[in-house]
Amino acid sequence: MNQRVYLDNNATTPLDPAVISAFSEALTLFGNPSSMHSFGREAASLVADARNEAAAILGATPGEIIFTSGGTESNNTVLSSFAPGIPAGDSVILPPPDRSELVVSAIEHPAILETAFALRDRYGITVHLAPVDTTGRIDLEALTHLVSEKTALVSIMLANNEIGTIQDLAAISAIAHKAGAFVHTDAVQAVGKIPLDVAALGVDYLSASAHKIHGPKGIGLLWMRRGVPFAPFMHGGHQEYGRRAGTVNAPAIAAFGTACRISREQLGPEAARLAGLRDRLRAGIEERISDTSVNGNREFCLPNTLNMSFRAAEGESTLLYLDLENIAVSTGSACASGSLEPSHVLLACGLTAELAHGSIRFSLGRTTTDEDIDYVLEKLPPIMARIRSMSTLR
Ligand code: PLP
């Protein structure tokens, strides 16, 4: 049997064995963390420990973190806190009334873009898309012109899920704050992969998700600086300081806390190891296969991410042939309503639709080994030759 090689860690990661242990142990502590008796207190103490671990990986204060169902909910919560007409309420901090515009980058994850467009369609607010350069870095000059006294919130991801490009959030925050706007960053792909400190980033809100750092799916967090505008997205009980209703998912939170701890403890050496493997993969591909180009930024890039375009080779074909060899990657196209749309991220970086269609994302993770890279370098060149020999694009 061939080995199985999983190079799709930006989509999701396998659970770390220590996370599985923490998760299953926590599953037996079934008390409701909101209950005052000992069963509840046991579960509440797991949640408190996890909040401390989550705070440690962000350089944040535990009391400024709420647990959510994941990156998508955290992003929705922040953006909808800036919708017009929110009634005052217990846990509500209203945004400045004279500011309604949103600025988001052109390469955000759909959890930001679609939320911003939904708010635009529902409330008629203006959404500006901040452009990026050919490597996916925000054009700071253009951003300066988009942000004004009407801007309520600037939301720009810390690291991109498709190409791995890392933004200069400190500079972005400075531009936004100078204009009096608040700043959110979707750090779902950055947490656990690069050193991170909310104070250094200068942001007001940050979203993270457990399943990108070898934790379980369906659990994430939202960090927010004290006193910033906020409206609960989920209404109901008073869990999470009245900011996120719903019985607290203590086992998943405990598992997330463990995932945060492991990622924080391993961060430096693991990032170096992954960058080494990633660079070997890139060099090996460039050596063996002609007509390739690397997408993203070489200097400011997640250590685990490599996005390459292969001319005259549809990404979907490459993905399926690699899958037949038990290698999992992803492509620069999203299957939307039956048609294959080229990636909005790659198009925003100026790629042609053809090159965007021919892109493959290799995203490495904790389980990736030297042997995995050797295996891909053995299997990919003949696959590419076969696809190109059949291609009408050539
Ligand atoms: N933001 C980014 C950049 C992502 O990559 C993802 C997941 O793919 C999300 C948000 C959504 O996170 P979740 O799956 O936890 O809802």
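Modeller: A crossing is right-handed if the near helix is turned clockwise from the far one by less than a right angle, and left-handed if anticlockwise. This is a predicted model, where local features need pLDDT of at least 70, side-chain atom pairs need 80 or more, and totals for chains, interfaces and linings use all residues. Numbering starts from 1 along each chain as its sequence is written, and side-chain values use heavy atoms, without hydrogens or water.

Colleague: What is the handedness of the crossing of α3 and α4?

Modeller: α3 passes α4 in a right-handed crossing. Helices here are DSSP runs (H or I, at least four residues), numbered from the N terminus. The axes of α3 (residues 71-80) and α4 (residues 110-123) cross at roughly 35° and come within 9 Å; axes are lines fitted to C-alpha atoms over the stretch in contact, with angles from 0 to 180 degrees between N-to-C directions.

Colleague: Which residues of α3 meet α4?

Modeller: Thr 72, Asn 75, Asn 76, Leu 79 and Ser 80 in α3 meet residues of α4 including Ala 111 and Leu 119, where contact means heavy atoms within 4.5 Å.

Colleague: Why does the pair of Thr 72 and the ligand count as a polar contact?

Modeller: A polar side-chain atom of Thr 72 lies 2.6 Å from an oxygen atom of the ligand, and a polar contact is a pair of N or O atoms within 3.5 Å, so this pair qualifies. For His 109 the value is 3.3 Å, also to a ligand oxygen atom, and for an N or O atom in the Lys 212 side chain it is 2.6 Å.

Key. Helices (H or I, at least four residues) and strands (E, at least two) are DSSP runs, numbered from the N terminus. A polar contact is a pair of N or O atoms within 3.5 Å; within protein, one must be able to donate a hydrogen and the other to accept it, and residues adjacent in sequence count only if both atoms are side-chain atoms.
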